[in-house]
Structures are given as C-alpha cells and as structure tokens.
Amino acid sequence: MFGLKDDWELDVPDRYFSLEDYEGGTARWCPGCGDLAVLTAVQRICRDEQLPPERTVCVSGIGCSSRFPHYMKTYGFHGLHGRALPVACGIKSRRPELKIFVATGDGDCCSIGAGHWVHAVRYNMDMVVMLFDNAIYGLTKKQTSPTTPIGLSTNTHPRGAWLPPLNPVAATLGFANVSFVAQTVDWNPAHLYATLKVAYDHKGLSFVRILQRCPTYTKDVFTELQKDPSQLLLLTGGDSPTLDAQSAKMFPNQQAHDSRDLEAARRVADQTAPLPIGVLFRDPARPCYEDFTTVGLGMSPADKLKGLEREFDKFAV
Amino acid sequence: MSTTTTEAARARPSAAPRRVAEHIVEIVSDSGEGAQKAGQTYGAVSAKMGNGVWTVEIIPAEIKPPARSRAGASGIRVRVGSEAVTNTGDEADLVVALNEQVLYGRIEQKAYRPGTIVLLENKWATDPRDDVREAYAKALGEFRALGLDVREVPLEEACQKVAQDVRVGKNMFVLGMLCYITSRDLDKAFEEVAFVFKKKGEQVIRKNQDLIRAGHAFGAETLELRYEIPPRKVDRAQLVLNGNQATALGVMAAGIEMVAMYPITPATSVSHHLAGAFQNVGGVVHQAEDEIAAMGFAVGASYAGKTACTVTSGPGLALKTEFLGLAVMAEVPLVMVLVQRGGPSTGLPTKVEQGDLLASLYGQPGDTPKIVIAPATIEECLHFVVTARKLAEAFRTPVMLLTDANLATGVQPIPRPEVDADWLSPPLDQTPWQKGVTAYDWDEDTGLSPRPIPGQAGGEYVLTGLAHTRLAKVAYDPHSNQTGCAMRSRKLAVLRESLKPPVVNGDRHGDLLVVGWGSTLGSIEEAVARARKDGLSVSSLHLRFLSPLEPGLKEIFRRFRQVMTIEINYSDAVDAPHTGEHRRIAQLAQVLRTHTLMDIDCWSNVAGQPIAPRAIHDELVRRLQKNGGNR
C-alpha cells in the first residue's frame, strides 16, 4: 500500500517444504544409534532440494536401518531382507521421475542381498544407495555380518569372527558399470551431509558406505576412528565434497584424489588405515538402465492398439 | 505353382484320397534336422485351409543329444481334423522317422498303435558301420513285431537329387511329401515358406519351395498313401500360435508395460516373444539377475502404479515365494504367470505337469490368499492375462495364472481377438489423494481398499511386509494382524460371490463327474464325449478359478454318484502298499475335498506327457464298470 508498486509480489513457490514435511514417525532406534544422523541428513537434502514428498520414495530391506522409510514422510517401501535394490530398480524402471533413496545394512546388502548389489550397481539406475554399515546384525541381536572385524565376539562366533571382513567400497569398485562410490561416517554431520548431497546430485546409482555406530552391539568398533580423526583420510578435490574450513581442519590426514580415475579409486578403497572418506569414484558418463526400461513410456492407447494389431498380424492365417 | 500341383496330382491318378475326419502325423529325428519347422509349417498350412489343428513339439531335454539315440528324439506331432482340435490326441496315424532309434523313445511313450504307418529313412540299411546296419535291421524286426506298418523310404537319396545339403533340406522335402499324403494345398505351403524364410532372401525361399515340390512329387510317384481331411468353414480371422505366444500377446493386450523374468524352461519363450514385440506396444522385458530379483522388480514397478508381470516355472516359483507373500500381505497388484513343468525340484524341465497347484495356493508362510486362475485352452492363455491384470488391480492382490508345458508348446488356430482400449491398463492416477482416506482403508464388508500410487500428494505411506494397521503403520498388537488377515481373506470371498457356477459338460446328473483344470480340458471332453456315445453316464466340469473356487460345486457334485479329478500330478496308486485310507491324492482332489467335505477321488500320473483321450476313456470305462453294479 504505502509506497509499494501494484505489481510488486514476492515470488513464492506454490509449495514450500520444511524439514517437518519429511519427518515421519518417531524413530525407534537406540539412543546414540548412527542411523539418526543419516535420517537427519537425508531430510535436510530433501528440504534443500525441495523434493515433493509424493515424488520421493525411500526403499529398504530388513534390519535396523531398514526402518528408515517409516521415519520419513515420503512414499516408502519396507520390503524383504536383502531385496531393497530389485524393488527400487523396479520402481524406477517405469517411473523415472521419482527420486529414490535406498537404505540397506551390511547384512542386507553385502550378505543376503549380495547378488542384487552386484547387478544394481551394473544397472546404474538413478538413486542414492546408503549402506548403513555397523559391522553387525543388530535387529536379530548381534550375529556376525560380512563386515564384522576379524576376532570380534558375536553370538554366532563367540570366540571371535573367523574371517577377514569384506570391504564394501573395494567390492563395489570391482562391479561392472559402477558410476559412483563414496564413503563417510555417521559422526561427522558435515561430511555425511555433503557426501550424500554429492551422491544425490549424481545421475546414476550412487553407492555410499556409511560407517554407522551401533551403541548396543558394536559400540567399540568405530571408537578409535571417532576419537582419533587422524585415523581417517579426508579425500579432497575431484568430486569429493568441499568442507568448510572449520570442518576440514578436524582432519589432519588429507589427500587430493582424482575420483575420475578408477585405478586410483581402487587403490584408495583398499586402504583401511587411515580409512578414506569422500568420493572415491565417479563417472557421470556410464549408461543408466532406465534409459532403456522407459522405452515406450507414455505411448497412447491408440498407438498401443495399432501396435497390437500388427503383432496379431504376425500370427494371422 | 498351381500347375505343378496339378501335375503332381496327375502323376498317380489311381491314388484316390481316403477321406478321414482327422489325422495325426509325427516327424521324429535327431535334434537339429528341422523336423519342428517342417511340422509347424504343415500345421500352419492346415490351419490356413480351415482345418482344426493341434501341434506339439517333441523336445529332448538336452540341447544337442547324441545322434541316433533313443532319448534324443526330437520332432513334432501335428493333429489335423475337420472339426476344432483341442488336444494332442491318441496314437499317431503316420510317422516320418529320419532314423529308427528315435522311434523307440516314442514307442515307450505310447505314441503309436498297431497299424500306425511308419515311413522310415532307409539309408541306415546300407550304412558303412556294421553296428548301425545291425541296429537298423533289429529295430525293423521289433517295430514290425509290435504291429507298426513300417515302410522303408529312400528319403535322403531322393532328396539328394534336388538339394546340395541334405542335412538342412530334408525337412522341407518331408513337408512336401506330407502335403501330398494329406492333400494339403501346395500354394499355401509355398506362401508359408516364403513368410518363414522372408529374412533369408529370395534364393533360400526358392530352394525350399523346390524341395517341397520335389517331396510332393516323390510322394505322388512312390507312395500308396493319400488322405483328405476336409476343412470346416472358418468365419472369423484366426491366429495360429502356441500358449506361450498367446500369453505374450495377452500381456500386450492387457496393457502391461513391464515383464520381469529370469530364464527358465518352459516359461522363457513368453519373454522371447515379448523381447522383440513388446516395445511396439510400449512395454519392456527386464531380464533380472535371478528369479527373486525378477519378482522384486515386478513388485517395485507394480507398487509404483505400473502393474507388472513376471513369468516363471516351478523352481522359479519356489524362489519367488517370499515376494509373493509380501505382495499378498502389502496388497500389491501383480500378474504372475506360472508355466508348470514336471517336478519336484528341477524335475522334468521340458515336460508337462500340473504339480504346482498346492504350492501356488499354499506355498507361502502364513495365510496368503490370492487369486489363482488356470486357462484351459491356448485362446484362454491370451484372454486370461487381460482378466488377471484387471482382477489384480480391482482386488489389490497378486494374481497367479497357471499354464503348463502342454499349453505352452501346443500350437492351435484361435479366433483373432477384437481388442479395444478397455483391455489396456488405465492411465496412472496422479491426482491428490483424498483427505481422510488411509493407505489401507479396508471396507469392513468387502476387504477392498483404494491404493495410493507414488506421485499422489497426500497419499504418502510406507508399504511394509510387517503386520500393519489401516494407516500402514507397523503393529504387533493382537487385533491388527487378525484384522489384516480377515480383510485380505474377505476380498476372495467377495470375488467368489461374483463368479458364476461352472457349466457341466454333459448331463447335470449321472454316475460319474470328472473334474479337471488347465490344459487337460480338450482330452477330458473328448474322452467324455466318446464315453457318452458308448452309453456311459459321465459328465465333466473344468475349473478356471482355483482361488477362490467357483461357487456351487457342492450342489453340482451331489448330483453324481462319483466325483473324481483327472490331473497331471502325483497321487498314490489305489493299491499302493502301506497307504490304505492314507493314500495321498492328487492336488485338486485335495482342495475339493477340503472345500466340499465330499469323497472325491482322483486319477493322475506324472509321466510328463499330456494325458491322451484314450487313456482317460479307458479309465472312465474301468471305473464305471467296476462300480456299475452298485446302483
């Protein structure tokens, strides 16, 4: 009114989403569980990207971390143990516009669902796959997982795990058509958020291994890493996120890494002390399977009927 | 071309064709000799002429079995009739055999009778190898002792006169010979060959046509055999295809856009047909990394609003079981085509069985009511997919469609469907979700509820395989799981109410009612018709809905003194030791007993073969004679 021009208006989007719009049921993870930090990071990405909740789908398998979709206020699919990836790929196959986050654990992804892990990476469909790696089966109460450190006592190996653990990032970098592999930790929110954000921005399957603390069953597994940041190697440059100066200062060990160099990525991935965090590899040019599975999407009924008659003709006598 | 036809016919004017109502021919050979292509062409020509046709391939389990081996029989059977043909029939009237060893396998399978004419390649009589000549001579004696009318024919020698490479040309020569024997229209054979070899070019087409012509002339000059199978009038356009091709067309006609599969015999060829054609109607085949992933992919696509289909066989069903349970629990519409083969385990991959009924109905942990339907004909293979997709969406549930190896590989002419846009899936609903409606807003009376599709604002929910409330919230309380199970069960009860009681084939009361399901329809009805002609009081009934069962069964069964199922799955023989009243019975019989509390008997086997009408007829006669005096 006073002094304002008639045509002045604030350019407000029809809908604005705040964090609350992504907050589902109260998380029932144990106090101190690393999953909570990941949940918060994903909700922030959704808010920052203004993802409409109805076009966002969180898919999971079974396990503690697979409760993830229940705590988001988006569409969700809490399916079968080990089978999050085929479901996520199926959703994406004919609905490429949906944004997909997959929550899977070390048992879910690297053990019972290992076959799907190999192939989903090869399909390279656009989604963020978060491996919540707490090095233990939590929901079923402390059984050895493929990433349990050798010697750690569990209910299935009370005298200590027998075999050396599997390295999820090194394994993923060995799969055909891999396009994005990153590693981060739940206890550094800045790095966690920034890494997931880069993963979200990548078109293709972004595989992010998140070292995740389990206060109940593997409370000491990551303690050293957490207490002594020099045991982590912050990857810089390339596609790795740039941390603000203050956050970056926390990491005495840093290394410039060319994330477009697969061989370099494999060398870095094999390293466990110090443990690399950041983007190990990214290739935006790898083919995405949905570019093939969406063939004919939106074909009109009339065209479908025409096509069908032509198919009938092939069998006509 | 037509002049050649007349010339050939003129060459032996004395051979007046014998008119028959139907004729069964087999071509058997080592694999790779093209018998199947010859037989398929012969079947297509017959269908084009207006005859009823049923073609079935004889497939060895191995890709390249050793030559001249009993188990390596590869080939094809074609039953041609004046009327519609609904099954593979009894024993063959005529066999063309490219070597004598492969006949043994078929004899074991009771494919021939005394008097079956065998045109046997005679080059083996003069083979340089002693053992081959001996085997040939021995077989000749044995076949004749069985009553087969073996006629030695110099097929290769005659074929050599026109073909450079006999190995690849002999099948077309045989086709020409068969066209002579059963008075097929040669022009139609030429047309068919031109179509089949279209991609290979003019020269190949001409060569094959020359071979057919030569085979035809050879028949006219040397064989004392000629039949005529008058065609019926066909008033509708027809498609000639097998059950798997029909299923593939059904998927397309249903407007399904996604088929996720993993290779498994005998289901895979559904995907083969789709792989080429599907994108012409806006669909895509996903070959997954395993059976479980194929099912998961289909469930994912369906959850996202694109009702998908997965195609598998017994071992694949076993692997998909957990996802099937999830689809029931979380009410995900989905079509699962199960092309049954012999079991258990890897079983008989290329052979027929109806052994997965109970696994389909009850194979998942917990209570998993779902819709299970079984097409009984090749035509139904097409139409039932369309029905299945609609039922899946209307009832928010997976629908299983059970076919089998017999339907999958049998080839038959069917009326060309007249498809309209209603058959196709509706467009994706992306309108905002109605406020106040929950994700599982079960109607207490019907168990039905509307389903939110990702993209519908306000409908956000988390699908879970855990027990859940109407809000899709995980719930471990005693009430919620009871309610969820009741709601899912109620949907089937509601569907059952909407179905009509099945129609009895024959009198609505009598001494014996035969109940069947799936691919045995043709054989059962043919056998029942024969038995009724003999004066036996027998009728039959064929179920298409196995879950829920069609209504009114008890009322129908009461009007018969005996009710029995005929199925291709295992049951203990009546006189099997140690069984007595604990005899294990066939699968549908078990289901019907539970359903009706009536004493329902069965007759079944797991020989891996379609049950021939004669075998059924014999069993009907045996039963009715045994129990005939009871009245």
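The following questions and answers concern a predicted model, chiefly a sheet in chain B and the nonpolar cores.

Residues are numbered from 1 along each chain as its sequence is written, and chains are lettered from A in the order in which they are written. In this predicted model local features need pLDDT of at least 70, side-chain atom pairs count only at pLDDT 80 or more, totals for chains, interfaces and linings use all residues, and side-chain values use heavy atoms, without hydrogens and water.

User: What is the average pLDDT of chain B?
Analyst: pLDDT is the predictor's confidence in each residue, from 0 to 100. In chain B, 97% of the residues score at least 70. The chain average is 94.

User: Which strands stand at the edges of the open sheet of four strands in chain B?
Analyst: Strands are DSSP runs (E, at least two residues), numbered from the N terminus, and two of them pair if DSSP finds at least two bridges between them. The pairing is parallel and the order is 19-18-21-22. Because each edge strand has a single partner, one side of each is left without a neighbour in the sheet; these are strand 19 (538–543) and strand 22 (601–604) of chain B.

User: Which residue stands opposite B:Val515?
Analyst: Strand 18 (residues 510–517) and strand 21 (residues 560–567) of chain B pair in the parallel sense over five bridges. The residue opposite B:Val515 lies in strand 21 of chain B and is B:Thr565.

User: Which residues touch the most other members of the largest nonpolar core?
Analyst: Such a core is a set of buried (under 20% relative accessible area, 1.4 Å probe, protein chains only) Ala, Val, Leu, Ile, Met, Phe, Trp, Tyr and Cys residues joined through side-chain atoms within 4.5 Å. Among its 99 residues, the two are A:Val59 and B:Phe557.

Terms used
Buried < 20%, exposed > 50% of the residue type's maximum accessible area, 1.4 Å probe, protein only.
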